[in-house]
Each structure stands twice: as structure tokens, then as C-alpha cells.
Amino acid sequence: MTDAIQLGLCGLGTVGSSVVNVLKRNGELINARALRPLKLAHVGARRDNPLCSLEGIRVSRDVFAPADDPEIDIVIELIGGTELAKELVLRAIGNGKHVVTANKALIAEHGNELFAAASANGVQVCFEAAVAGGIPIIKTLREGLSANRIEWLAGIINGTGNFILTEMRSAGRDFNDVLKEAQKKGYAEADPTFDVEGIDAAHKLAILAAIAFGMPLQFDKTFTEGITTLDLVDVAFAEELGYRIKHLGIARMGARGVELRVHPTLIPEKRLIANVDGVMNAVLIKGDAVGATLHYGAGAGGDATASSVIADIVDVARVIDGGSSQQVPPLSVSQTALESPDIVDIEDVETAFYLRLSVLDEPGVLSTITRQFSDVGISIEAVIQKQPADDEKTVPLILLTNKTCQKTLQQAIDGVQSLTANAAPIVRLRVENLG
Ligand code: HSE
């Protein structure tokens, strides 16, 4: 019988313990698919995890130990964070080991360096689990859609944010109240600002865009706007206009370069992705040949993420065993680089906008305000104006514009803000049709 491939696992948290359990539960099936037995031989973890048994497995309290173990073929990095994880992965690569990781921050921020090191050492760094948990979105982009020129992709790629927005819309709950629940349920990052300010989604978006467009990772150029200041009234007005607000990561290839942006976005409620609720993730990809495809599933959680981690282990195992003929090549991002396009400044990105104004309820106000927009060439697509409450002198005025860039919109907004009829700062959200 062929020798088993020796796996070394670093980190035994929620995902690590699930990797141990799924490897045990589905071992026979996984070995058959890997074309060779896989043996979890060494675990590096500071403490045991009662969620799994390590019987028969060598255990070290030094998380780096599997990366230094000469018996180990594949190191599975599940310690999280960036600095220590980077050191560990570079150590494993330097020791000639393949690496499988679920670490989105590590790949997004240091991937270019890690892939270069892996390439120099003739090993692979695989990261399916880093984006959208259990959804095999990296393999989809690399393998299933490899015939396509990707035009754009848009994803709900942070479960915590989606859970919060879903509860705000369906139950009218307050942002902070829902965030506390998400933290209690274990969805949120250790620092929940990563979830609600769009940093976690930006990590994932940078990775998706690098693969989709064959360019280096550009997390530092990804625009992020969070959902912390989102008001329930805008969720309700959006609904009245036939839209839902989702915290989307959007990457689009255009004539001027690539747009990379994470922000709350109004999308038509009839789109399937608008109906992805709770902690679930979904990625909508538009390819020139296939059209639009939607990929849906659990974006977090132990077993779902372990599913992706083990898929990578199987991919690597096939290469170790029989050369690349058995496997669609898991090219590193840098190896896929076809071009290195510019990232479009957010000021120049064109979208439609939702605007909420608070204006004096007086004759002629609506026309004065809309003139500020027509003067700079922005057309208004829809308007909602409510009756004022009995003792109120102002009314909310909701405008949906056609496509324009932020620079032009700002000219109109400056005009409106100089009017005495304007009574409060203007709320501005982007709108995407996703058709
Ligand atoms: N905090 C992340 C989320 C976990 O809410 O989606 C998965 O990356």
C-alpha cells in the first residue's frame, strides 16, 4: 500500500477540531478521493479541545512543531492572526512542506510574499477556506469558470454583517443589539469591527479579485465602508423602493481598471442574492461565457470551514501522489497573473445612489433641490416624500439617482447643503442593479 501522506495541524480551535473530526468521520471516503491515505500525524496546539479526540496523534504544545517535523508533508495552519501565522507558514514553506490555511487576513495581507516563497520552494499554499467558509468559491473561480473572462463579482462574504442587516430589516432590531447576539453566537471576529467595518469582507474580496482577474493581492487598495451608521429608516425606505440593503464586496473589471469596494448597497429585492439572509454567504459571479452564477452556503462554522480545508488537503495529496494530471492546478495567485490593472479610485466609481434628505416642508423645495442634480447632469429615477408629522416642519425626502460618480454627486450635494430648505446632513448609499 502507498505510504500515507502525513498531515500536521497547527491550531485546535473551532475549525481545527472540526478538521480532526471530519477527517476521522469521512476518512475512508477522503482517502479514496485523495488517491492515497491521509494521516493526521502531528497536532501543535497550546491546549486540548474537548470537541475532538487526539487519541493516537502526536501532540505538541508548541504550535510550530508540525512545521518543523521532518515527517510532515502538509501543514494545516489554523492558528489565525497574521504575524505568528506568517512566521509559521514561511517556516513550513522553508522546510519544503505544502501549506493549507483558512486564514483570510494572512493571505490578503501577505499572500504575495507567501506565494513567492512557495514558488521558490516548489510547494503549494492553498486557501479555499479563507473565503466564504464552506462555499468552494476559490475552486469555482479557478476551475469551474476558467473559460471565462470575469466581468464582475459581488458577494455577501461576512456572515456577521449579513445577520445584523437581516435582523434589522425583518425584526426592526437595533444594530448594537444584534451585534451582541452575533458575538454570543460566535459568528463575529475576535475584534468585531473587522466584521462591521468591512475589513473581513475586504480581506476576502481582495483574494477573490486576485483570482478572478489574475492580479496581485491588493487589500490595501480596497475601499471599505461599514454598516455601523446604517439607520433603520433607510432599511425601511429601501424596502419601500423595492430594494434590500446588503453589505457587499464588489470587484468589477472596467475600462479604467478594477473596482474593489466593500460598502452597504441597495440591491433589487427580486435578485436571489438579496434574499440571502442570516449568517449565510453568497457570491454572484458574472462571466462572459457562463453569464451570472450564484454560489450560496455557510460562510463560517467549524464543519463547513473544515470541508474547504480538507478539499485543499485532497488537492495537494493528489499532486504529491501522481503529479498534476489528477488535479486542476491550484496555481498560486501570482502564477495566474495575466495583467496588473489599476485599482479605480472610489471617487471615480460610477453607481446609482440612494439619498435621504431632511427638508423644510415648503412650496418649491422639491424643484429647487432636484435642480441641483439636473444642473450637474444627474437624473432622478425615483422620489419618496412623506407627509410631515403634526408638529414637524421638516420631511424626509428620498431620491434615487441614475448612475454617476461620487465627484459629480458631491457637487449636487454641496448645492443642496447650501440651501436653507435643507435641514440635516444627507445620507448617501450606493445602489447596484446586479443584472
Ligand atoms: N467573522 C466572519 C464572518 C467569520 O462573520 O463571516 C468567517 O470568516
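1. Let's start inside the protein. Ala 132 is buried, with a relative accessible area of just 1%. This is a predicted model, by the way, so read everything below in that light. Ala 132 sits in the loop that runs between β6 (125-126) and α6 (137-144). What is the sign of phi at Ala 132, a residue other than glycine? Positive, with a value near 60°. For background, most residues other than glycine have a negative phi.

2. Leu 434 is worth a look alongside Ala 132. Phi of Leu 434 is positive too, near 55°, and Leu 434 is not a glycine. You'll find Leu 434 in the segment after β17 (427-431). Is Leu 434 buried or exposed? Buried: its relative accessible area is 9%, and the cut-off for buried is under 20%.

3. Now to helix α2, residues 27-34. Its buried residues are Gly 27, Ile 30 and Ala 34. These three cover an arc of only 70° around the axis, so they end up on the same side of α2. Glu 28 and Ala 32, on the other side of α2, are exposed. The general rule behind such patterns is that an α-helix has 3.6 residues a turn, so residues three or four places apart point the same way. After α2 comes Leu 35, and here again phi is positive, near 65°.

4. Helix α4 can be read in a similar way. This helix spans residues 83-94, 12 residues in total, and reaches 16 Å from its first C-alpha to its last. That is close to the 16 Å expected at 1.5 Å a residue. Which residues of α4 are buried? They are Ala 85, Lys 86, Leu 88, Val 89, Ala 92 and Ile 93. Looking down the axis of α4, you see these buried residues within an arc of 165°, so they line one face of the helix.

5. Back to α6, where two residues make a nice contrast. Lys 139 lies in this helix and counts as buried, at 17% relative accessibility. The side chain of Lys 139 makes a polar contact of 2.7 Å with the side chain of Asp 312. Gly 144 is also in α6, but Gly 144 counts as exposed, at 63% relative accessibility. From Gly 144 to Val 319 it is 175 residues in sequence, and 19 Å in space between their C-alpha atoms.

6. Last stop, the ligand. Around it you'll find Lys 104, Asn 158, Gly 159, Thr 160, Tyr 187, Ala 188, Glu 189, Asp 195, Asp 200, Lys 204, Gly 299 and Ala 300. By type, this shell divides into three nonpolar, four polar and five charged residues.

7. Which side chains should you check for polar atoms beside the ligand? Thr 160 is one of them: an N or O atom of its side chain is 2.7 Å from a ligand oxygen. Glu 189 has a side-chain N or O atom 2.6 Å from a nitrogen of the ligand. For Lys 204, a polar side-chain atom lies 2.8 Å from a ligand oxygen. On its own the ligand has 260 Å² of accessible area, and the protein covers 90% of that. Two elements give two or more residues to the shell around the ligand: α7 (159-171) and α10 (199-213).

How values were computed. Residues numbered from 1 in each chain as written. Predicted model: local features only at pLDDT ≥ 70, side-chain atom pairs only at ≥ 80, totals over all residues. Heavy atoms only, no water. Near = heavy atom within 4 Å. Polar contact = N/O pair within 3.5 Å; in protein donor to acceptor, adjacent residues only side chain to side chain. Areas by Shrake-Rupley, 256 points an atom, 1.4 Å probe, with all protein chains shown as cover. Helix = DSSP H or I, 4+ residues; strand = E, 2+ residues; numbered from the N terminus. Nonpolar A, V, L, I, M, F, W, Y, C, P; charged D, E, K, R; others polar. Expected span 1.5 Å × (residues − 1). Buried < 20%, exposed > 50% of the residue type's maximum accessible area, 1.4 Å probe, protein only. Arc of directions from axis to C-beta.
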